[in-house]
Amino acid sequence: MSSVAPEYPDKIDGAVLKIAGVVVLGAIMSILDITVVNVALPDLQTTFTGADNPLPYATVAWTVTAYTLALATVIPLTGWAADRFGTKRLYLLAVALFTAGSVLCAMANSINMLILFRVLQGLGGGLLMPLGMTIMTKAAGPKRMGRLMAILGVPMLLGPILGPILGGWLIEHYSWHWIFLINLPLGIAALVYAWWALPSDSPEPTESFDFVGMLLMSPGLALFLYGISSIPEEGTFFSAKVIGFGTVGLLLLIAFVIYSFKPEHPLLDLRLFANRQLTVATITMFIFAAAFFGGLLLVPTYFQQVRGESPFDAGLLVAPQGIGAMLTMPIAGALADKIPVGRIVPFGLLAIIGGMFAMTQVDGDTSYWGYIIPVLFVMGLGMGATMMPIMTSAIKTLTHHQVARGSTLLNITQQIASSVGVAIMSVVLTNGLKNDKLVSQAQGFQEATKGTKDPALIQATLPKFPAVAEIVASAGSNPAAAQAKLMSAVSDAMGKVFGSTFLVAAILVSLTLIPALMMPRKHEESHFADDADGTAPPVLIH
């Protein structure tokens with residue numbers, strides 16, 4: 001290792017942008033793949049068994065769950081593996097694993113095979129984000145951290161926005177295979193580009209691998225997230241499946257936390273929480289990710305379920321949120337390098353909170369351009385000023401050697417938080433729709449009269465569903481008018497349930513203000529390069 005601490009120019013130069021391009025390309029592949037597959041789930045229900053014998057939704061949903069669990073399981077290994085093998089070698093391996101997994105997914109001829117190959121894909125994808133943060137942080141140095149984190153935020157925005165658009169377009173015009181095959185040219189380009197652009201680094205295989213920590217942390221995380229991700233399917237937090245897997249996972253994680261302070265080099269370095277700034281940023285990130293990513297799920301679902309939009313059109317309608325974030329993210333990144341993040345993040349949060357509370361007023365015919373799109377744009381402005389400054393605040397005070405482990409810690413936090421947030425919002429929405437008298441009776445009436453056009457049978461079924469019968473009766477004797485009135489009333493009722501669910505998201509985001517107000521409001525000295533030469537003592541307990 002060099003005995004001279006690295007020097008970093010103040011401006012973003014070509015050398016750093018070259019490295020940033022590698023990381024952004026890898027991150028786009030990983031994050032885009034999470035959202036693009038969501039659109040294909042209805043198609044996958046009939047792909048392997050035919051239209052007459054569709055697979056249960058819960059079965060095909062495993063294609064998403066398996067990827068997420070593999071992602072979460074491998075993240076804790078990133079810090080140790082980066083030290084042991086070097087970031088460049090590990091990054092190339094991650095891209096290769098992800099690309100190979102993608103090709104195998106496209107070749108799958110059964111749902112079980114597809115789920116298995118999604119695990120392989122997730123093992124590669126799980127390494128890409130924390131490794132990317134580590135590579136960019138070491139390349140940027142502390143004075144350019146905010147601007148570089150803004151660049152890394154681009155794929156985090158493009159994933160949820162472009163995923164449904166791209167997935168819908170590929171399925172509509174080609175087939176489900178292409179949502180995986182599209183990663184082949186991207187993966188090859190990323191491998192060649194990374195080989196050329198990333199500087200070779202010297203591995204530091206001095207730390208022993210924490211096998212006990214691995215046996216506690218990775219299964220614990222996988223079981224806990226499996227329990228959490230089963231909540232929407234079960235419809236309650238208190239089913240045997242959720243409590244069983246969730247509790248075992250939680251107990252393993254608690255055991256890991258207790259154990260992790262014993263070894264000199266633990267799998268996940270919880271001693272980093274001795275740094276107050278990292279702790280506050282992590283708590284802020286957890287609450288924010290749970291609320292925002294959970295709320296993010298609601299918007300395209302509202303467009304599809306309530307307004308009847310296609311996945312492709314729903315993706316286009318969500319785009320203003322990404323445009324708003326792209327406007328403020330580079331500004332917030334530049335500001336984070338000049339002023340304390342405690343003076344930036346609260347303003348971004350206020351924009352998101354305002355947007356979330358505004359979305360509580362939606363119903364079945366709320367104007368797109370007159371209301372929803374401007375609100376989404378404002379929420380995007382808030383997100384661009386929030387997420388990356390939080391990460392910048394956390395990473396900025398870590399020493400050079402701690403960056404890989406700090407990045408791992410933040411990525412695990414975000415992964416758990418987003419899974420918890422999505423589960424909470426899914427349960428609130430599902431139970432809200434189930435408990436709404438008109439929506440539940442309309443669904444029951446539709447099931448009871450499915451496949452029949454016999455007016456007498458339809459009339460005989462109506463008394464069993466009084467809420468539906470009341471609306472049909474108010475339309476007179478015209479069947480077409482009754483149908484239109486019923487659809488309008490159901491759409492309006494569903495819209496109001498979505499509005500109530502947005503209220504939960506708004507309250508959760510509001511809670512983020514508490515830790516956010518504890519973030520640094522004065523300039524603090526960065527310790528990023530303190531141990532770059534290996535001689536200065538680390539600032540944090542390690």
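Q: In this predicted model, which residues does K18 touch, not counting residues up to four places away in sequence?
A: Let's start in helix α1, where K18 is found. Counting heavy atoms within 4.5 Å as a contact, and skipping residues up to four places away in sequence, K18 touches Y193, W196 and A197.

Q: How far apart are the C-alpha atoms of K18 and A197?
A: A197 is one of the residues K18 touches. Along the chain, the two are 179 residues apart. In space, though, their C-alpha atoms are separated by 6.3 Å.

Q: Is K18 buried, partly exposed or exposed?
A: The relative accessibility of K18 is 29%. Buried would mean under 20%, and exposed over 50%. Since 29% falls in between, K18 counts as partly exposed.

Q: Stepping back, how many helices and strands does the protein have?
A: The protein has 542 residues, and buried ones make up 55% of them. As for secondary structure, strands come to 0. The helix count is 22.

Q: What share of the contacts with a separation of 6 or more comes from residues 24 or more positions apart?
A: K18 and A197 gave us one taste of this, being 179 residues apart along the chain. For the protein, take the contacts with a separation of 6 or more. Residues 24 or more positions apart account for 83%.

Q: Which helix gives the largest share of the largest nonpolar core?
A: In soluble globular proteins, nonpolar side chains tend to be buried together. Here the largest nonpolar core has 132 residues, and Y91, F303, M356 and V468 have the most contacts inside it. The largest share, 15 residues, comes from residues 276–305, which form helix α13.

Q: How many residues are in the other core, which has V39, L41, V60 and I115 among its members?
A: M356, one of the residues with the most contacts inside the largest core, touches A291, F292, G295, M379, F502, A505, A506 and V509 once residues up to four places away are set aside. Apart from that core lies another one, with V39, L41, V60 and I115 among its members. Its size is 22 residues.

Q: Which residues of helix α21 are exposed on the side away from its buried ones?
A: Helix α21 covers residues 466–474, and its buried residues are A467, V468, I471 and V472. Seen down the helix axis, these fall within an arc of 130°, so they line one face of α21. What covers them includes α19 and α22. On the other side, the exposed residues are E470 and A473.

Q: Which residue just after α21 takes a positive phi?
A: Helix α21 runs over residues 466–474. Just after it, a phi of about 80° turns up, and the residue that takes it is G476.

Q: What is the volume of the second largest cavity?
A: Rolling a probe the size of a water molecule over the atoms shows where empty space is left. The count comes to 2 cavities of 30 Å³ or more. For the second largest, the volume is about 40 Å³.

Q: Which element gives the largest share of the lining of the second largest cavity?
A: The lining is made of M29, L32, D33, V36, L166, I179, I182, N183 and L186. Two elements, α1 and α9, give two or more residues to it. By class, the lining has 7 nonpolar, 1 polar and 1 charged residues. The largest share, 4 residues, comes from α1.

Q: Is T366 buried or exposed?
A: T366 sits in the loop between α15 and α16. Leaving aside neighbours within four places in sequence, T366 is in contact with Y302, R307, Q361, Y371 and I372. Its relative accessibility is 11%, and the cut-off is under 20%, so T366 counts as buried.

Q: What is the relative accessible area of T328?
A: T328 lies in helix α14. Beyond its neighbours within four places in sequence, T328 is in contact with G380, L381, G384 and A385. T328 is buried, with a relative accessible area of 17%.

Q: How far is I339 from R521, C-alpha to C-alpha?
A: I339 lies in the loop between α14 and α15. With a relative accessible area of 32%, I339 is partly exposed. I339 and R521 are 182 residues apart in sequence, while their C-alpha distance is 8.1 Å.

How values were computed. Residues numbered from 1 in each chain as written. Predicted model: local features only at pLDDT ≥ 70, side-chain atom pairs only at ≥ 80, totals over all residues. Heavy atoms only, no water. Core = buried A, V, L, I, M, F, W, Y, C linked by side-chain atoms within 4.5 Å. Buried < 20%, exposed > 50% of the residue type's maximum accessible area, 1.4 Å probe, protein only. 1 Å grid on protein atoms, 1.4 Å probe; cavity = no way out; pocket = protein on both sides within 12 Å on 5 of 7 lines; lining within 4 Å. Points joined across faces, edges and corners; volume = space filled by probe spheres on them. Nonpolar A, V, L, I, M, F, W, Y, C, P; charged D, E, K, R; others polar. Arc of directions from axis to C-beta.
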